[in-house]
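Open the structure in your viewer and show it as a cartoon with side chains available on selection. The stops below are meant to be taken in order.

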Amino acid sequence: MKLRTTKWWMSLNLIALSFAFTAPSMAHYTHPAPTVPVKFPVRQEVLPNALSVSIYLHKLPCTGGQSAWSYVTDGFSKFKQPELVMTIEKHAAESKSAYPSDPIEFFKSLSGLAAQGNVVRAGSSTRLGEGGEVFIAKQFRGTIYLPAEQLEGVTLPKDALAVVPVTAEELDACDIGGATRVVGRLSQQSQFYPFPTWCDRKRESVFTKGEIEVMKMEPVSQAPTAMIYGAGIIADKDKLSMSVPQAVRDDLNQKLKELPQDTPFRLNLSLDPRANAYYVWEVQQATAVTAKGSDASLMSGSFVMVMPGVKTSQFGPYKDGFMLMLTNEDLSKFKDAVSNGKDCVLESTTNGAYKSFEVKFGK
């Protein structure tokens, strides 16, 4: 589905959780940035009586404490979509009032999608069509959506989502391994835990084309996959613990019914909030990022790979996620727990890395 603009056409493919749809175009960003001093926050009406954006100037929570502009929307909630925030790091030579207009135009285009019921959620991504004009910076070809982190001096709506510009390779990695696989590399690049929700317009892609080709060929990438953003998993000593908030339990339950019953499948997850470290995908062997001062005792992963039909259940780490080798009986127990919303524990009698796997349901 395309929408003509005053300048040119651009198609967007919005990938929300486990479904995809093609959406209208987005116009070239032509509005000039202000050249006179302004008082922050600046409020701009994007669509009359429908969508506005407040622009804040503030410091980032990274070591250098660089300045940034944050663009916070007001109006998406009427479409049952979380409000959005996009944060752009300010270059040292830029005037405080020279904030880019790209985020404003992006929100304007996205509002048309939301009005049609095409809303974005945490873990979703937006892919821009090929051949369009520069978006934020020449290397960026779309965005991913993450739970917004509180920023000093910025008023955020409840449950707002951070809009993070990403490259073509990062979008490919998100399609394969989920948003958590991408943010691990972003955390390494920025040296910020758990991950940066702002955009450095000078940064390079955190994945190469060669790495994406390797990623596509991995056996775990060949399995049927469901995105369950909001659920997470940690390794805690000798046990694996999967947390499933009630808000995503129904989605997980439905996905488990749709996935193959007797072949391996994969669940892409979000970073578990209980974690103090998490695995990061690499070609050979996963590395990790850790919170400052962390002992990495609560390690999270980006996915769970389930292999049913084994004789004895066994659990272990695999790349930047975890492997659950389950007997048919234990697989049924896992699915029943999700269906009923009741905590359960599966035990392993082998010499695997973990002795048990538990599922816990939060509020």
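Select G178, just after α2: its phi is positive, at about 90°. Keep in mind that this is a predicted model.

**Stop 1: helix α2**

Step back from G178 and select α2, residues 168-177. Is this helix enclosed or open to its surroundings? Seven of its ten residues are buried, so α2 is largely enclosed by the rest of the structure. To see them, select E169, E170, L171, A173, C174, I176 and G177. Two glutamates, E169 and E170, are among these buried residues.

**Stop 2: α2 against α3**

Now add α3, residues 179-190. The axes of α2 and α3 lie 6 Å apart and make an angle of about 135°. An angle of that value falls short of the 145 degrees above which helices count as roughly antiparallel, so α2 is oblique to α3. On the α2 side, show E170, A173, C174, I176 and G177; on the α3 side, show A179, R181, V182 and L186. Colour this set by class and you get six nonpolar residues, one polar and two charged.

**Stop 3: α2 against α4**

Hide α3 and bring up α4, residues 209-217. How are α2 and α4 arranged? Their axes are 10 Å apart, at an angle of about 15°, which makes α2 roughly parallel to α4. The crossing is left-handed. For the contact itself, select E169, D172, A173 and I176 of α2 together with K209, I212, M215 and K216 of α4. By class, these residues split into four nonpolar and four charged, with no polar ones.

A173 and I176 deserve a second look: both take part in the contact with α3 and in the contact with α4.

**Stop 4: R203**

Finish in the loop between β10 (198-199) and α4, where R203 sits. Is R203 buried or exposed? Its relative accessible area is 9%, and the cut-off for buried is under 20%, so R203 counts as buried. Follow its side chain to the backbone oxygen of P165, which it reaches at 3.3 Å.

Then show what else surrounds R203. Leaving aside neighbours within four places in sequence, it is in contact with Q139, F140, P165, V166, E170, L186 and Q189. Two of these names come from Stop 2: E170 of α2 and L186 of α3 are both part of the contact between those helices, and both also touch R203.

Technical notes: Residues are numbered from 1 along each chain as its sequence is written. This is a predicted model: local features need pLDDT of at least 70, side-chain atom pairs count only at pLDDT 80 or more; totals for chains, interfaces and linings use all residues. Side-chain values use heavy atoms; hydrogens and water are left out. Axes are lines fitted to C-alpha atoms, for helices over the stretch in contact, and angles run from 0 to 180 degrees between N-to-C directions. Helices (H or I, at least four residues) and strands (E, at least two) are DSSP runs, numbered from the N terminus. Angles under 35 degrees count as roughly parallel, over 145 as roughly antiparallel, 65 to 115 as roughly perpendicular and the rest as oblique. Contact means heavy atoms within 4.5 Å. Ala, Val, Leu, Ile, Met, Phe, Trp, Tyr, Cys and Pro count as nonpolar, Asp, Glu, Lys and Arg as charged, and the others, Gly among them, as polar. Buried means under 20% relative accessible area, exposed over 50%, partly exposed in between (1.4 Å probe, protein chains only). A polar contact is a pair of N or O atoms within 3.5 Å; within protein, one must be able to donate a hydrogen and the other to accept it, and residues adjacent in sequence count only if both atoms are side-chain atoms. A crossing is left-handed if the near helix is turned anticlockwise from the far one by less than a right angle, and right-handed if clockwise.
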